[in-house]
Amino acid sequence: MKIGLLGYGTVGKGVAKIIDQKNTEDVAKLEIAKILAHTEAGLTDGRMTLDINNILNDESINVIVECIGGDEPAFTYVKKALEKGKHVVTSNKKMLAIHGQELFALAHKTNLALKYEASVGGGIPWLDSLDRTRRVDHIHHFRGIFNGTTNYILSKMSDEDKDFDEALKEAQMYGYAESDPSDDVDGYDTAYKVALSMVKGFDVIPDISSIITYGIGNISAKDIAYAKVHDRECKLIGTGIRQSQFVSGYVIPTFVRKCSLFATIPANFNAIESNSENLGSMTFVGQGAGSLPTAHAVVQNVIDIYRQQDLEIFEKSNVPVANQESFAQFYIRSKNIKLLMDNVDEVIDDHACISKKMSYAELDILVKMLADDQLFVAEMADDCQ
């Protein structure tokens, strides 16, 4: 089976290394025919080209592996690949979460595979586990630490009393955070992963804007201190829930209890849990990124296509995403805290409070009313799960 590899960065190099080594019988049946490079300086391999059409118009290429990252030009290339009758494997959570409705519909129409195991959790077999669980079970909910960058920052702030900027610079120094870390710290990277987990877990392709998202960009040492005094740790948690006629998806910093598994997850590790009717709770813990672990998941998907396993793309349901059925109490810090007095359960100080129990939809309305660019919000988790 011949492959067109788009992108030769961290993940793309890992994919090429695994396939070129041909360490197993399955991998030996795969061949990278062409590689899309970004610049002339990147033309370091005889298979490389700067022209995407040299790959898309090659009728001998069966599968496109997209490891470019970001929205464009990745979306345009993947769409054209499907239109030209080529299966697609991608590690690109942002592109697929934003354009999933269009791309999944196109894959269904053309009877092609669009596979994306590596887009969530890197080498952790998270999406595959949702697939397998749903053969037998209904998944009630999933939640977890989907982003290693924010977990590293929060761990450093809690364990070593570093401030946010110091912890972020250290994460960048070790390669855990990008030079522009906004997708990570603002929660969007986690939201993309929650969206794709909802596709697998609930047969719903959500509009990314329907996932309520709060990040850690405004967290302060005072917020961390409050959590520690109350025997909690702050973690950025992404959640998906199936509820009666709705599904809910949200991303929010969460003050988890010390007795929670999530409280023990260190550094840049991920921990993701699903809960289903018969299997109960199942949790995966590991590094959610890295060249070879992520490439391993990509190659697994290519082998699935070669073996003609799990090729069927079925119509997703139209169950709406609604966040009015999920309730919690929230820690809220704002310079405009006086505007919240009708919704306060406990006043902490002049700028912080614990809210009454409310839905995420109600929280979102309050946050918009506060209009505070320094606002920090965290869910108060009430269990040890």
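Is Asn23 buried or exposed? With a relative accessibility of 60%, Asn23 comes out as exposed, because the cut-off for that label is over 50%. Some notes on the rest follow; keep in mind that this is a predicted model.

1. **Around Asn23.** This residue sits in the loop that runs between α1 and α2 (25-28). For a sense of distance, take Leu112, which is 89 residues away from Asn23 along the chain: their C-alpha atoms are 27 Å apart.

2. **Overall build.** I count 13 helices and 17 strands in the chain. The radius of gyration is 22 Å, close to the 21 Å that the globule rule gives for 385 residues, so the chain is as compact as a globular protein of that length. Along the principal axes, the C-alpha atoms fit a box of roughly 65 × 45 × 35 Å.

3. **Burial and contacts.** Of the 385 residues, 54% count as buried. Take the contacts between residues at least 6 apart in sequence: 71% of them join residues at least 24 apart.

4. **The main core.** In soluble globular proteins, nonpolar side chains tend to be buried together. Here the largest nonpolar core holds 72 residues, and the members touching the most others are Trp126, Ile153, Ile219, Phe255 and Tyr331. Helix α10 supplies the largest share of this core, with eight residues.

5. **A look at Ile153.** Ile153 is one of those best-connected core members. Leaving aside residues up to four places away in sequence, Ile153 touches Phe164, Ala167, Leu168, Ala171, Val185 and Ile216.

6. **The other core.** There is also a second core, separate from the main one, with 26 residues. Ala16, Val63, Cys67 and Ile303 are among them.

7. **The largest pocket.** Its volume is about 1,100 Å³, and 42 residues line it. Lys93, Glu178, Asp184, Asp189 and Ala289 are the lining residues nearest the centre. The elements that each give two or more residues to the lining are α1 (10-21), α5 (93-110), α7 (148-160), α9 (182-185), α10 (188-202) and α12 (291-306).

8. **What the lining is made of.** By residue class, the pocket lining splits into 22 polar, eleven nonpolar and nine charged residues. Helix α10 is worth a second look here: it gives two or more residues to this lining, and it also provides the largest share of the main core.

Notes: Residues are numbered from 1 along each chain as its sequence is written. This is a predicted model: local features need pLDDT of at least 70, side-chain atom pairs count only at pLDDT 80 or more; totals for chains, interfaces and linings use all residues. Side-chain values use heavy atoms; hydrogens and water are left out. On a 1 Å grid over the protein atoms alone, a cavity is a set of points where a 1.4 Å probe fits but cannot get out, and a pocket is an open set with protein on both sides within 12 Å along at least five of seven lines; lining residues have an atom within 4 Å of a point. Grid points are joined across faces, edges and corners, and a volume is the space filled by probe spheres set on the points. Helices (H or I, at least four residues) and strands (E, at least two) are DSSP runs, numbered from the N terminus. Ala, Val, Leu, Ile, Met, Phe, Trp, Tyr, Cys and Pro count as nonpolar, Asp, Glu, Lys and Arg as charged, and the others, Gly among them, as polar. A nonpolar core is a set of buried Ala, Val, Leu, Ile, Met, Phe, Trp, Tyr and Cys residues joined through side-chain atoms within 4.5 Å. Buried means under 20% relative accessible area, exposed over 50%, partly exposed in between (1.4 Å probe, protein chains only). Contact means heavy atoms within 4.5 Å. The radius of gyration is taken over C-alpha atoms; the globule rule is 2.2 Å times the number of residues to the power 0.38.
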